[in-house]
Amino acid sequence: MSPQPPNSSDPLPELRLGDSGEAVSELRQLLAKCDRNFGLPGIPVGDVFDTQLEAIIRIFQYQVFLLQDGIVSDKTWRALQADAPVHMPSVQLGSNNMAVRQAQRRLRQHNEYEISLDGNFDQVMHEVVVTFQTHQGLTSDGRIGPATWLCLSQR
C-alpha cells in the first residue's frame, strides 16, 4: 500500500519496527525531504523499517510535537507530508495548557530564554515569543500560530 496525499480518503498505512515494503521506501523518501528542516540523521534507502528508521521517526516526532512512539500513524504521516507540525493549537497571552509548555521548552532550547516551563502564557512568555518571532523574521504578534510552530520545530 502506498502513502496517499493528505486529502485522500484512503487510510494511510500504520508502519512500525519490522514492517517492510513500498510504503517503508516511500516513508524514507518523505523523511529525506523533511531532513532540510529538521536536521534528521542520514536517511538510508531501503524497504525495511529497522531500528535506525525507528530512531529517526522518534526524532522527527519530537521535532513536530508528536508522541515519540516510533510508529508512523496518521498524525506522523500528515506531519511528514506537510513538512511541518500539524494540529497545533494557536496559543497566546492567557493560554495555559500543554501546547504552551511545549513551546516554552522549545524556546529554551532554541535561544536559551529564561522562562518557566509551567504551561502558562504570561507576559514574560509573550515578550519572549515576540523576540523569537522578530529574530525569525515572522510577524511579531506574540501569538504562536502555524508559522511560529514551524520555526520552533526546526533545529
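Contact here means heavy atoms within 4.5 Å, and that is the yardstick for much of this tour. The model is predicted, so local features need pLDDT of at least 70 and side-chain atom pairs count only at pLDDT 80 or more, while totals for chains, interfaces and linings use all residues. Residues are numbered from 1 along each chain as its sequence is written, and side-chain values use heavy atoms, with hydrogens and water left out.

**Stop 1: Q61**

Select Q61 and show its surroundings. Setting aside neighbours within four places in sequence, Q61 is in contact with L66, L67, Q68, D69, G70, I71 and T76. Is Q61 buried or exposed? Its relative accessibility is 0%, so Q61 counts as buried; buried means under 20% relative accessible area, exposed over 50%, and partly exposed in between, using a 1.4 Å probe and protein chains only. Now look for a polar contact, meaning a pair of N or O atoms within 3.5 Å; within protein, one must be able to donate a hydrogen and the other to accept it, and residues adjacent in sequence count only if both atoms are side-chain atoms. A polar atom of the Q61 side chain lies 2.9 Å from the backbone nitrogen of G70.

**Stop 2: helix α2**

Widen the selection to the helix that holds Q61, which is α2. Helices (H or I, at least four residues) and strands (E, at least two) are DSSP runs, numbered from the N terminus. The expected span of a helix is 1.5 Å times one less than its number of residues. For the 13 residues of α2 this gives 18 Å, and the end C-alpha atoms are 19 Å apart, which agrees.

Colour L53, E54, I56, I57, F60, Q61 and Q63: these are buried residues of α2. What covers them includes α1, α3, α4 (98-111) and α6 (146-153). Just beyond the helix, pause at F65, which follows α2 and has a positive phi near 65°.

**Stop 3: F60 and the cores**

Keep F60 on screen. Beyond its neighbours within four places in sequence, F60 is in contact with L31, C34, F38, L40, T76, A79 and L80.

A nonpolar core is a set of buried Ala, Val, Leu, Ile, Met, Phe, Trp, Tyr and Cys residues joined through side-chain atoms within 4.5 Å. In soluble globular proteins, nonpolar side chains tend to be buried together. Which residues touch the most other members of the largest nonpolar core? Among its 23 residues, they are L27, L31, F60 and L80. The elements giving two or more residues to this core are α1 (22-38), α2 (51-63) and α3 (74-82). Of these, α1 gives the most, with seven residues. A second, separate core has 18 residues, including V91, A99, V100 and V129.

**Stop 4: the cysteines**

Show C34 and C151. A disulfide is a pair of cysteine sulfur atoms within 2.5 Å, and a search of the whole structure finds zero of them. C34 is in no disulfide, as its nearest cysteine sulfur, that of C151, is 15 Å away. C34 counts as buried because its relative accessibility is 1%. C151 is buried too, with a relative accessible area of 13%.

**Stop 5: the loop between α3 and α4**

Three residues are worth a click here.

- D83 lies in this loop. Its phi is positive, about 60°, although D83 is not a glycine. At 13% relative accessibility, D83 counts as buried.
- H87 is in the loop between α3 and α4. Its phi is near 60°, again a positive value in a residue other than glycine. H87 counts as exposed, at 62% relative accessibility.
- P89 also has its place in this loop. At 38% relative accessibility, P89 counts as partly exposed. Not counting residues up to four places away in sequence, P89 touches A99, I144 and W149.

For a look across the model, draw a distance from P89 to V130: their C-alpha atoms are 18 Å apart, and the two are 41 residues apart along the chain.

**Stop 6: helix α5**

Finish by selecting residues 123-136, which form α5. With 14 residues, α5 should span 20 Å, and its end C-alpha atoms are 20 Å apart, which agrees. At its start, a side-chain oxygen of D122 reaches to within 3.3 Å of the backbone nitrogen of V124.

Where do the buried residues M125, V128, V129, F132 and Q133 of α5 sit around its axis? They cover an arc of only 135°, taken from the directions from the helix axis to the C-beta atoms, so they are on the same side of α5. The buried residues of α5 pack against α4 and α6. Last comes G137, which follows α5 and has a positive phi near 75°.
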